[in-house]
Amino acid sequence: MNIDIKQLDSWDTWEQDLENSDLEIKDKVRSSVDAVYNEILLKGLTLKIGSSMAKDSTVVTSIVLLALMRAKRNGDAISSHHYLVHVDTGIENPEVRAMADEGISQLKAFIKTHDLPLQVYVAKPSLTSSWPSRVLGGRGLPTFVNTKYRQCSHELKINPANKVDSLHKETMNKEDKANVVLLLGSRDLEGSRRASSIANQNGQELKVTKSKDNKKLAMYVIKSWTAANVWEFLTYSGDSKFTILPSYQRNFYKLVDLYRDSGGGECVIFQPDDELQSALTSCQARHGCAFCLASGTTDKSMISLLESDPAKYSYMKGLNRVQQFLAKSRYDWSLRHVVGRTIYDGGYIKIQPDVYSPKTLKKLLHAILSYDYLEQQRAASLASKLVSGQVEDNEFNQQFSKPQFQIIDERQLIAIEFLWSMHHFQKLPFEAIELWHKVYTHNELELLEEADTMPIVERVQQPKPMWLKVDTWADGSNMDGLSDFWTELTYFDSEASQTHRVIKTNEGNRRVVDYVDTEVFDVDLDVAKFIVWNEYKQLNADKRDGNYKPYYSTSYLLRMGAVTLGKGQSARYHTMAQRGQAYHRMGVTGDVTMESIANDPKLKPLLLNDSEYKVLAKKVASEKAAQQEIENAEANRKLAVDAKRKAWVKANKAESKAAKRYKLEYQEQRKLLNEFKTLFILATNIHANMQNMMYNGEEIQSITRILVNLKNEISTVKSKFNKKFDVKSKKYQLLKNKEFQYILNTGDFDLFESDHIKRYAESQPLALELELKYAIEHLVNALSEVAKPVFEVNGYIDLGVPSCVLVKSEQAEFDFA
């Protein structure tokens, strides 16, 4: 007879072992496990654990595993959708990150071994929400202490966790989704604020309750536990013969050590049992992000680590320097960028310190890259010593022979480069990549050593704003924003899908750079590495020769597929690019100050002080209110007209179809006109470039062929115009040529949007003057005799763009007559 003998282990015997122990927590542990088992698992509810892998959430996870293993061993029918969500912000204290990663790895292995219905997720913020992209990319400031809205908590933690939560629930039916119970490790004795928060949510320890808004189910399984209870649980939990409570980890000694070292050095095992004292003990250290400023000027847990064991923790000194620099300089307005990003009433932007200045951004990026690099060098040195036998081959040295952190990799670097370029923070493109090579290629480091001794900048009032007249970001050229002049210039006659895309913008449909779209903004790591390590040398040489403006980096990264835009976001990025280009035109890119803007003779006429602007804003608001009344009346009138129109359409179906055809034709003509304007601007640039090449004695055969092909494309567009829009196109050309003539006559060639036309005006002003004169005469005649086409005027050939794109007959290798 064969008898199946079950091999018992600690997961079968822990309750008896606990009962036989003299642990003070045995009743609490039994009650908490029973509550999870009876109130959640056996009732078919689904568990969700939000875990930081710190002490409290580790206890909650362990309690859940005790309940799940009981259900597994008993063969109970339970939900298969239980899940745990942990968030990796990307900038945690490296010791905390390493401990969490190790714990998650062991938890996943345990779940797989025992085939438990528990899914583990590690959520991460999106690239645009990450700390480096937000702060170093110039999007915003870090979250300082006493900030009303903790933006960092939402972007770095809450939003990523919510996204994972939504994805997980896609696998669940409607009933299961409504029965998810959030298990929380919050405790009353963490402080009065926490206790009040739990009470406000109707939180209970041993039963599932609904929040006051009736939207969420929750259970606070260690609500009444003291810190001493928590540490006792962790001290006697593990997977060894010396522990009482089984766990997914062998022991929690590393967690105990981390809290001890970061809390002042007291041993957690001997903390006082008094509830008040346990709540105040030094081992209550909170571990925030490495650059955390939300809890105060000083990161006490990080300082305690550095002081408790310098040999072990000194590799994090640089990260603490960055945190100290940011904290101490919070009210140093000289480190801030002063140019606003929002156009307010009257067409003005605010000039006042806000996000970090371009100079400060470069300094911070340089410093963090430097400490990333030093950490890699430290790890490589230890790895070499391990191989050569110079240091003991143990677990600690094995772990530390690998870098313990890297805040900025090539992917993050390219995201920052893209943001700097699009916003025109720096005066040249590829400045972020240049800093990378200063560090990784030339060993030029920024260590922020002044942060060790610099005083805390006292809180002073933010300077009163000035207001700068902008009106609009767009320049009206149809070649701004995400447009890609370089590709259009080279490949304009190829298939549209190969060279550009058409997007909907505030100005209508626009041809822009050919980009890749994905679910969210992202950077392809492989392409980023290729650009940083292989392409940069030539890019850097070209930018130093003055070939590129700041925006070039944006279009280059999009064209290369290094940066992808989120679906439906192209118009927003187009506007942001226009804004950066507007800054560049006005001369307010780079490290400008309120003083430099106030003293700029070109900007002085456009500036108002704060008092003057308030008067203007009040007037504009009044005018807007009056205008709104007019618009409301007009809207009501249109509703009445629309009602009449619908009645007419119903009664006159044939005539309504004809009206609809006319409307569609009008929309198509407007679309063609916008396309024509883009081609016109492109043609003027190509022609000016050709004139410059001839002046310099360069070969022009290839660019002449480009002009031939461009003429064909323009002619195709013009052939589709009806008579009304043909006139509109000629009026547009006349307007632009008179604008060019005006700039030429003033001598202020910086007003030219095109560098090619600017150089043409500088080197051959008489030739340009002559071309403009004949072009304007030609257009005036053409508009007076619309039906009479003119193909040659005084020896100049009309390429379909009668402007400075008229080419002398004897210079051309083609004949359009």
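Start by selecting Gly318, Arg321, Val322, Phe325 and Leu326 in H14; they meet Lys363, Leu364, Ile368 and Tyr371 in H15. By class, this contact holds six nonpolar residues, one polar and two charged. Keep in mind throughout that the model is predicted.

**Stop 1: H14 against H15**

Now show the two helices whole. H14 covers residues 317-328 and H15 covers residues 358-388. Their axes come within 9 Å and cross at roughly 165°. An angle over 145 degrees counts as roughly antiparallel, and H14 and H15 are therefore roughly antiparallel to each other. Look at the hand of the crossing too: H14 and H15 cross in the left-handed sense.

**Stop 2: H15 against H17**

Stay on H15 and add H17, residues 410-423. The two helices pack at an angle of about 170°, with their axes 13 Å apart. That angle makes H15 roughly antiparallel to H17. Which residues make the contact of H15 with H17? On H15, pick Leu361, Lys362, Leu365 and Leu369. On H17, pick Leu413, Ile416 and Trp420. Sorted by class, this contact has six nonpolar residues, one charged and no polar.

**Stop 3: just past H17**

Step on to His424, in the loop between H17 and H18 (431-440). Check its backbone: phi is near 55°, a positive value in a residue other than glycine. Most residues other than glycine have a negative phi. Is His424 buried or exposed? His424 has 3% relative accessibility, so it counts as buried.

**Stop 4: the six-stranded sheet**

Move to the open sheet of six strands. Its order is E3-E2-E1-E4-E6-E5, and the pairing is mixed. Which strands stand at the edges? Select E3 (118-123) and E5 (209-210): each has a single partner strand, so one side of each is left without a neighbour in the sheet.

Begin at the E5 edge. E5 and E6 (residues 217-220) run antiparallel and are joined by two bridges. Label Lys210 and look across to Leu217 in E6, which stands opposite.

Two helices pack on this sheet. Colour H3, residues 55-74: this helix touches E1 (46-50), E2 (82-87), E3 and E4 (180-184). The direction of H3 makes about 155° with that of E1. Then colour H4, residues 94-114, which touches E2 and E3. The direction of H4 makes about 155° with that of E3.

Next, walk through the middle of the strand order. How many bridges join E1 to E4? There are four, and the two strands run parallel. Zoom in on Ile49; Leu183 in E4 stands opposite. Carry on from E4 to E6. This pair is also joined by four bridges, in the parallel sense. Label Leu184 here, with Tyr220 in E6 as its bridge partner. Strands of a sheet pair through backbone hydrogen bonds, so display the backbone atoms at these pairs.

**Stop 5: the loop before E5**

Select Asn202, in the loop between H8 (192-200) and E5. What is its phi? The value is about 60°, positive although Asn202 is not a glycine. The relative accessible area of Asn202 is 33%, so this residue is partly exposed. Set Asn202 beside His424 from the third stop: Asn202 is partly exposed, whereas His424 is buried.

**Stop 6: a hairpin**

Go to E11 (residues 500-505) and E12 (residues 508-513), which pair in the antiparallel sense over six bridges. Where do the strands turn? E11 and E12 form a hairpin with two residues between them. Pick out Val502, which stands opposite Arg511 in E12.

**Last stop: zoom out**

Finish with the whole protein on screen. How many helices and strands does the protein have? The count is 30 helices and 19 strands. Its C-alpha atoms fill a box of roughly 110 × 75 × 70 Å along the principal axes. Colour by burial: of the 817 residues, 50% count as buried. Then draw the contacts. Among those with a separation of 6 or more, 74% come from residues 24 or more positions apart.

Notes. Residues numbered from 1 in each chain as written. Predicted model: local features only at pLDDT ≥ 70, side-chain atom pairs only at ≥ 80, totals over all residues. Heavy atoms only, no water. Axes fitted to C-alpha atoms, helices over the stretch in contact; angles between N-to-C directions. Parallel < 35°, antiparallel > 145°, perpendicular 65-115°, else oblique. Left-handed = near helix turned anticlockwise from the far one by under 90°. Contact = heavy atoms within 4.5 Å. Nonpolar A, V, L, I, M, F, W, Y, C, P; charged D, E, K, R; others polar. Pairing = 2+ DSSP bridges. Buried < 20%, exposed > 50% of the residue type's maximum accessible area, 1.4 Å probe, protein only.
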